[in-house]
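Here are a few exercises to work through with the coordinates open beside you. Try each task before reading its solution.

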Amino acid sequence: MQEFKPFKAGKVREIYDNGDNLIMVATDRISAFDHILKNDIVDKGAILTQISKFWFDLTEDIVSNHLISVDNDDMPEFFRSEKFARRCTMCRKLDMLPLECIVRGYITGSGWASYQKTGEVCGIKLPEGLRESEKLPEAIYTPSTKAEIGDHDENISYEKSVEVLEKAYPGRGEELAQKAKELTLAVYKKCADYALERGIIIADTKFEFGLDEEGNVVLADEVLTPDSSRFWPVEGYEVGKSQPSYDKQFVRDWLKANPDSDYKLPDDVIDKTIEKYKEAYKLLTGKDF
C-alpha cells in the first residue's frame, strides 16, 4: 500500500498529492482567533466535507468546482480506513488565487465594529442607522489577503485585489478580480436564499477560487461550512443584538469569556459545538448525519 504524507497542512485541512489530483482531508481540529485549539471536535471534519459536497452540487450551474469525489471507495487504499471516512475530498489541482473572497449579507462581527466607528465596512460606505445583525440592502464583497498560519488575513479594497491579482497574473488582474467578485456574490445569493427557506441565515462567508489548466476560474477549498461562514437560526433572529449561531462563533464567545483557557475547551462546549454542526447539516440537506 502506498503511504501518503501531507505536503500542506492548514489549521483544519491536510492536503496530499495524488499524482493527477489532490486529496484534501478535513480533520476534527478547530481554530479560532488564528489559533488551533487543543481539542478535537469529533465528526466535524466529516460534516464539513459533506456540507461542501452539497453546496458544490447546488452551485454547479453558476461556476465549475474542483470536486472529483468524496466517496471513500474512490480514494487510494491509504485513505479507506475509518480514520479518513467521509472526510476526504478528491479534487482537481488548481492554481489558487491569492485572495479570500468574503461576502457579507448582514452587519455583524468586525464589520459591525468598523461601521460603528466609521460608517464603513472595509472601505465601503453603508447607509446610516443600521443596527447590529441587520440585513444589508445588498450583500457586499470585501476581499482579504491570505495569511500563513499564525498571521492575520488583511482586509483589502476591491482596487487592491486588482493589484494583487495583476501581480500574480500579469494582464489579467482586472478580469480575475471582477470574475471573483461576480461569482462570490452569485454563489452567496443562491445559497443564502436556499438556506433561508430551511431556517438558516447565512450572515457572511468566504470562498476561494483557483484557475484550471485553461485559465478558467473554478470554485475550490470548502464552501459554506460552519467553519467558513456565520450561520444564524431564522427562529429567534432579532435585529439590534448579536445572534446565536450554528458555526464556531459559539467557541469564539466562550474563548472571549475565558481568556485564560489556553485555547482548551471544556467537554460541554465541545458537545454543544458538534450538536450545532449536525443541526446545520440536517437543516440544509434534510438528512441526519
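**Exercise 1.** In this predicted model, locate Arg230, decide whether Arg230 is buried or exposed, and list its contacts.

*Solution.* Start with the secondary structure: Arg230 sits in strand β15, residues 229-233. Next, take its relative accessibility, which is 15%. The cut-off for buried is under 20%, so Arg230 counts as buried. Finally, set aside the neighbours within four places in sequence; Arg230 then contacts Thr108, Gly109, Ile201, Ile202, Ala203, Asp204, Asp247 and Gln249.

**Exercise 2.** Work out the strand order of the open sheet of five strands, and find which strands stand at the edges.

*Solution.* Go through the pairings step by step.

- β1 pairs with β2 (residues 13-18) in the antiparallel sense over two bridges, and Lys8 stands opposite Ile15 in β2.
- β3 and β7 run antiparallel and are joined by five bridges; here Met24 faces Thr89 in β7.
- β6 and β7 are also antiparallel, with two bridges between them, and Leu67 has Cys91 in β7 as its bridge partner.

The full order is β1-β2-β3-β7-β6, with antiparallel pairing. β1 (8-9) and β6 (67-69) each have a single partner strand, so they are the edges, and one side of each lacks a neighbour in the sheet. As for β7, four of its five residues are buried, so the rest of the structure largely encloses this strand.

**Exercise 3.** Check the length of α1 against the expected span, then describe the burial of α1 and its place on the sheet.

*Solution.* First, the span: α1 has 15 residues, and at 1.5 Å a residue it should cover 21 Å; the end C-alpha atoms are 21 Å apart, which agrees. Second, burial: eleven of the 15 residues are buried, so α1 is largely enclosed by the rest of the structure. Among these buried residues are Lys44, Ile47, Gln50, Trp55 and Phe56. Third, placement: α1 lies across β2, β3 (21-26), β6 and β7 (88-92), and runs at about 120° to β6.

**Exercise 4.** Describe how α1 packs against α4.

*Solution.* Two packed helices are described by the angle between their axes and the distance between them. For α1 (residues 44-58) and α4 (residues 173-197), the angle is about 115° and the axes are 11 Å apart. The crossing of α1 and α4 is right-handed. In the contact, Phe54, Trp55 and Leu58 of α1 meet Lys190, Cys191, Tyr194 and Ala195 of α4. By class, these residues are six nonpolar, no polar and one charged.

Now repeat the length check on α4: its 25 residues should span 36 Å, and its end C-alpha atoms are 37 Å apart, which agrees. The buried residues of α4 include Cys191, Tyr194 and Ala195.

**Exercise 5.** Which residues have a positive phi although they are not glycine, and where are they found?

*Solution.* Most residues other than glycine have a negative phi. Asp43, in the loop between β5 (35-40) and α1, has a positive phi of about 80°. Arg86, in the loop between β6 and β7, has one of about 65°. Then check exposure: Asp43 is partly exposed with a relative accessible area of 26%, and Arg86 is partly exposed at 36% relative accessibility. A glycine can be added to the picture: Gly199, just after α4, takes a positive phi of about 95°.

How values were computed:
Residues are numbered from 1 along each chain as its sequence is written. This is a predicted model: local features need pLDDT of at least 70, side-chain atom pairs count only at pLDDT 80 or more; totals for chains, interfaces and linings use all residues. Side-chain values use heavy atoms; hydrogens and water are left out. Axes are lines fitted to C-alpha atoms, for helices over the stretch in contact, and angles run from 0 to 180 degrees between N-to-C directions. A crossing is left-handed if the near helix is turned anticlockwise from the far one by less than a right angle, and right-handed if clockwise. Contact means heavy atoms within 4.5 Å. Ala, Val, Leu, Ile, Met, Phe, Trp, Tyr, Cys and Pro count as nonpolar, Asp, Glu, Lys and Arg as charged, and the others, Gly among them, as polar. The expected span of a helix is 1.5 Å times one less than its number of residues. Buried means under 20% relative accessible area, exposed over 50%, partly exposed in between (1.4 Å probe, protein chains only). Two strands pair if DSSP finds at least two bridges between them.
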